[in-house]
Amino acid sequence: MAKTNSGRFFEDYSIGQILTHAVPRTVSGGERALYHALYPARHALYSSDSFAQASGLPASPIDDLAAFHVVFGKTVPDVSLNAVANLGYAEGRWLLPVYPGDTLRSESEVIGLKQNSNGKTGVVYVRTRGLNQRDEVVMEYVRWVMVRKNNLDEPAPETVVPDLNKVVPVDQLAIPAGLDFTNYNFDLAGDPYRWGDYEVGEQIDHVDGVTIEEAEHMIATRLWQNTAKVHFDLTFRPDGRLIYGGHVISMARALSFNGLANAQMIVGLNGGAHANPCFAGTTIKAWTEVLDKADTDAPGVGAIRLRLVATKGGAPFELKDENGKYKPDVLLDLDYWALMPQ
């Protein structure tokens with residue numbers, strides 16, 4: 001009897017199936033240090049205990065995307081080990097901050113299946129929850145991934161495509177308990193611009209770029225315990241190891257500091273698409289469009305909806321062609337809510 005795990009194929013999923021993902025992970029300050037070494041991440045709330053405490057939190061949390069990567073990585077052996085590509089995200093919410101010493105685990109429910117017309121692959125939709133050691137849900141999100149079939153003769157399942165919200169409603173965003181930006185220190189944050197200084201429709205070129213290195217990508221993917229074959233095995237993808245999409249997300253978010261240093265916390269993920277594959281040697285640049293703004297009940301805290309676009313060094317503010325397809329230079333199109341001082 002085989003004892004190795006070959007991963008699930010498309011025909012192995014069924015609607016309502018619950019996947020309990022293995023190996024809980026206790027995060028530490030080392031997680032933060034390595035995350036900040038891999039990306040030019042420097043948002044003050046995630047860098048300084050004293051800054052976080054002045055903003056009403058007990059200490060500096062682990063970066064929101066670092067926590068996301070830990071939760072995501074747990075799901076890979078069960079969801080995307082045999083994936084062709086991760087396709088998109090929706091209905092993402094960060095519900096509780098994650099602090100050093102917290103232990104994270106993940107579980108997913110299959111909520112959609114759609115076999116592709118080629119009969120060789122299909123799209124699997126899952127809703128994933130990340131939980132801490134107290135069984136509190138710290139985040140949740142939906143993602144869909146294209147997965148290979150193993151038995152091409154297996155009949156296609158009934159098509160079920162979930163009806164997903166295009167935007168997380170503002171009243172469903174979870175504001176961390178105690179968060180208070182009324183005494184926010186703009187000098188220490190590194191940027192004078194507050195919520196009221198941004199206009200819906202405004203576009204920001206983040207100017208800087210970072211060239212993706214193979215070694216950094218491999219370290220990051222191992223750190224998140226992401227075992228998807230397309231990221232490691234050249235025999236599985238001879239044209240090159242595919243850069244983990246989360247690596248692109250974190251790099252683009254870090255680059256956005258230049259122009260959005262006060263967009264401190266990500267609290268909602270409205271949608272996201274990995275528009276084109278990324279390989280080592282690609283230089284990532286980023287730009288942002290302000291999509292919406294809203295008040296919150298937290299003192300001095302506003303919510304701002306941002307479209308973050310990562311490119312292969314292409315011209316800013318170019319996204320799709322006349323046919324509505326992403327331009328070849330576009331790597332990532334991410335729509336998220338962040339919290340900013342008013």
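Gly-268 of strand 8 sits across from Trp-337 in strand 11, where helices (H or I, at least four residues) and strands (E, at least two) are DSSP runs numbered from the N terminus. All of this comes from a predicted model, so to speak of a local feature takes a pLDDT of at least 70, side-chain atom pairs count only at pLDDT 80 or more, and totals for chains, interfaces and linings use all residues. Residues are numbered from 1 along each chain as its sequence is written, and side-chain values use heavy atoms, with hydrogens and water left out.

Back to strand 8, which covers residues 265-274. Strand 8 and strand 11 (residues 330-341) run antiparallel and are joined by eight bridges; two strands count as paired if DSSP finds at least two bridges between them. Strand 8 also pairs with strand 3 (residues 83-94), again in the antiparallel sense, this time over five bridges. In that pairing, Gly-88 stands opposite Ala-273. Strand 8 is mostly covered, with nine of its 10 residues buried. Here, buried means under 20% relative accessible area, exposed means over 50%, and partly exposed is in between (1.4 Å probe, protein chains only).

Next come the charged side chains. The structure holds 12 salt bridges, a salt bridge being a side-chain nitrogen of Lys or Arg within 4 Å of a carboxyl oxygen of Asp or Glu. One of them joins Glu-91 to Arg-127, with the closest N and O atoms 3.0 Å apart. Glu-91 belongs to strand 3 and Arg-127 to strand 5 (residues 121-131), so this pair ties together parts that are 36 residues apart in sequence. Glu-91 is buried, at a relative accessible area of 14%, while Arg-127 is partly exposed at 27% relative accessibility.

Strand 5 turns up again with Arg-129, whose side chain meets that of Glu-107 in a salt bridge (2.5 Å, N to O). Since Glu-107 lies in strand 4 (residues 103-115) and Arg-129 in strand 5, the pair ties together parts that are 22 residues apart in sequence. Arg-129 counts as partly exposed, at 31% relative accessibility. These two residues also have company: Arg-105, Glu-107, Arg-129 and Asp-135 are linked in a network of salt bridges.

Strand 11 has its own salt bridge, in which the side chains of Asp-335 and Arg-305 meet at 2.5 Å, N to O. This pair links distant parts of the chain, with Asp-335 in strand 11 and Arg-305 in strand 10 (residues 301-311), 30 residues apart. Both Asp-335 and Arg-305 are buried.
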